[in-house]
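Q: Please take a close look at a single part of this structure for a reader who is new to it, and then place that part within the rest of its chain.

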Amino acid sequence: MFNYTFRWNQAFNALPRLLEGALVTLEIALLSMLIGIVIAILLTGCRLSGNRVLSAIARTWVEVARNTPALFQIYMAHFGLGAFGIHLSPYTSLLAGIAFNNAGYLAENFRGALKAIPDTQTRAGRSLGMPPIQAFRLIVMPQMLRIAFLPATNQMVWAILMTSLGVTVGMNTDLAGITQELNARSFRTFEFFAMAAVIYYLIAKAVTLAARALAWRMFRY
Amino acid sequence: MKTAVTAGLFAATCLTLPAHADALDDIISSGTLRCAVVLDFPPMGSRDESNTPIGFDVDYCNDLAAALGVEAEIVETPFPERIPALMSGRVDVGVASTSDTLERAKTVGMTIPYFAFQMAVTANDASGIKSFEDMKGKTVGATAGTYEAIALEAQVQEWGEGTFRPYQTQADVFLALSQGQLDATVSTSTVAQANVKTGNFPGISVVGQAPFDTDYVALFAMREEYGLLNFLNLFINQQVRTGRYAELYEKWVGGDLPDLTVGGTYR
């Protein structure tokens with residue numbers, strides 16, 4: 001039995017606030033992706049470097065990021081570091097947690113993409129007289145990013161959805177945080193959550209379509 | 001023939017009656033009263049060492065079930081999930097320290113108050129906060145979805161400086177306070193004292209009262225279930241009348257018994 005009268009007008013009045021929250025959500029997801037990509041490239045580099053210590057660090061990062069829940073990672077960024085006197089604001093904790101997660105997954109993405117590029121490419125570059133770093137930067141990395149681009153948009157969508165975990169560390173300005181607050185105030189749970197779900201869907205869809213359009217423009221042969 | 005018709009009519013009457021059953025009938029005939037209780041909100045609701053639900057709200061639900069002549073079932077419900085739990089039919093009644101705001105009464109049916117909270121300020125000792133006014137400009141927080149969270153957030157907006165952070169559970173609020181992520185929190189004085197007393201959260205103390213209105217809390221049920229709401233109102237009245245309210249208050253909280261009536265008006 002579902003005994004509930006929907007009152008959409010009350011929910012629509014709150015739409016501007018929800019959209020403000022959606023902007024914060026998008027901002028965190030984008031920033032976390034940028035940070036994640038930079039770290040992931042560094043991690044991939046560490047793994048390829050042949051240096052034992054660096055590659056162990058990279059492997060541990062990837063293992064932890066991929067095999068523990070994002071909720072745990074975000075919670076640890078806030079309360080875990082907090083126990084050592086390092087106080088991150090909810091915004092920073094959320095960003096750090098998601099960036100950590102993104103970096104782990106993207107590093108695996110990049111590694112897979114690297115495997116798809118034949119060794120002969122590097123060797124061709126080397127035989128043209130390029131130093132190893134230059135061969136990686138000019139020949140391998142552009143191809144790697146191209147192969148990893150669409151899988152990475154997957155991670156972007158995942159990052160958007162992960163921002164909703166910010167409520168566990170006191171985040172109240174993103175879409176999930178504002179939805180929770182509106183819900184607590186009025187108890188109109190189903191309207192606000194339904195609207196938030198639609199907004200999340202639209203953001204995620206827009207990101208996927210934009211990425212596809214971008215890929216179509218950038219990667220034409 | 002006549003007997004058969006009478007018997008048939010009689011049977012039909014018996015069979016059609018349950019179709020008009022309301023929530024009160026449903027609870028009595030099912031033999032179980034399912035109460036939404038918040039179990040990270042000591043001393044109102046928590047778990048003992050053997051993981052059994054205990055607290056004022058738990059006892060209150062048990063009393064209510066006894067009055068109805070049914071078994072009590074405690075359904076653990078975090079603050080933000082009280083309404084979904086009721087609306088989706090997982091619980092019959094909320095015994096969950098729910099503030100009876102008008103905004104919420106548009107959605108659920110609220111009884112007369114069954115408990116009343118005073119609000120207290122608890123601060124991290126390092127923050128230098130000694131009173132409610134000292135919280136101005138600091139980082140403060142409270143449990144998301146509670147009366148004090150709504151009031152405190154409004155206060156921070158009115159001050160125009162400082163930050164408000166809602167955490168999902170009372171435990172997280174006190175953890176953040178103890179770590180120094182929050183400078184102070186406003187909670188019900190019962191919760192504040194219970195948490196400071198546990199010793200789980202070092203470096204915090206209750207520093208004073210918060211000048212918010214008394215937080216009257218009500219039981220809640222489906223808005224249209226007048227039969228059940230009437231029963232609940234009378235039950236609350238009887239709890240006070242028979243001294244059971246005072247007894248439970250002494251058992252779980254102690255000190256001056258809060259008055260559940262508002263002078264100068266009817267409910």
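A: Two strands pair if DSSP finds at least two bridges between them, where helices (H or I, at least four residues) and strands (E, at least two) are DSSP runs numbered from the N terminus. This is a predicted model, in which local features need pLDDT of at least 70 and side-chain atom pairs count only at pLDDT 80 or more, while totals for chains, interfaces and linings use all residues. Residues are numbered from 1 along each chain as its sequence is written, and chains are lettered from A and ligands numbered from 1 in the order in which they are written.

The part to look at is an open sheet of chain B, whose five strands follow the order E9-E8-E10-E7-E11 with mixed pairing. Its edge strands are E9 and strand E11 (204-209) of chain B, each of which pairs on one side only. From one neighbouring strand to another in this sheet the turn is 30 degrees on average, direction ignored (axes are lines fitted to C-alpha atoms).

At the E11 edge, strand E7 (residues 119-124) of chain B is joined to E11(B) by five bridges, and these two strands run antiparallel. One such pairing can be followed residue by residue, since B:Val121 has B:Gly208 as its bridge partner in E11(B).

Towards the other edge the arrangement is parallel, with five bridges joining E8(B) to E9(B). Within this pair, B:Thr143 stands opposite B:Tyr167 in E9(B). Between these two strands the chain crosses from E8(B) through helix H6 (residues 147-159) of chain B to E9(B), in a β-α-β crossover that is right-handed (with the strands pointing away from the viewer, the path from the first strand over the helix to the second runs clockwise). E8(B) also has a parallel partner in E10(B), to which two bridges join it, and there the bridge partner of B:Gly141 is B:Thr185 in E10(B).

How many of the five residues of strand E8 (residues 139-143) of chain B are buried? Five of the five are, so strand E8 of chain B is largely enclosed by the rest of the structure; a residue counts as buried if 20 or more other C-beta atoms lie within 10 Å of its own, as exposed if 12 or fewer do, and as partly exposed in between, with C-beta atoms placed from the backbone.

A helix also belongs to the surroundings of this sheet: helix H8 (residues 189-198) of chain B lies across E7, strand E10 (184-188) and E11 of chain B, and runs at about 115 degrees to E10(B) (such angles run from 0 to 180 degrees between N-to-C directions, with helix axes fitted over the stretch in contact).

The wider setting is a chain divided into domain 1 (22-116 + 216-252) and domain 2 (119-209) of chain B, with bounds that come from an automatic or database domain assignment. The centres of the two domains, taken over C-alpha atoms, are separated by 27 Å. Eight residues of domain 1 of chain B are in contact with eleven residues of domain 2 of chain B, contact meaning that the C-beta atoms of two residues, placed from the backbone, lie within 7 Å. On the side of domain 1 of chain B that touches domain 2 of chain B, the residues divide into six nonpolar, one polar and one charged (Ala, Val, Leu, Ile, Met, Phe, Trp, Tyr, Cys and Pro count as nonpolar, Asp, Glu, Lys and Arg as charged, and the others, Gly among them, as polar).

Chain B holds another open sheet of five strands, ordered E4-E1-E5-E12-E6 and again with mixed pairing. Strand E4 (71-76) and strand E6 (109-117) of chain B stand at its edges with a single partner strand each, so one side of each is left without a neighbour in the sheet. The twist here averages 30 degrees from one strand to the next. E6(B) pairs with strand E12 (residues 215-221) of chain B in the antiparallel sense over six bridges, and B:Gly109 stands opposite B:Ala221 in E12(B).

The edge strand E9 has one further role in this picture, because strand E9 (163-167) is among the elements that give two or more residues to the side of chain B that touches chain A, together with helix H4 (82-87), helix H5 (102-105) and helix H7 (170-179) of chain B. Across this interface, 24 residues of chain B are in contact with 22 residues of chain A, and those of chain B divide into twelve nonpolar, nine polar and three charged.
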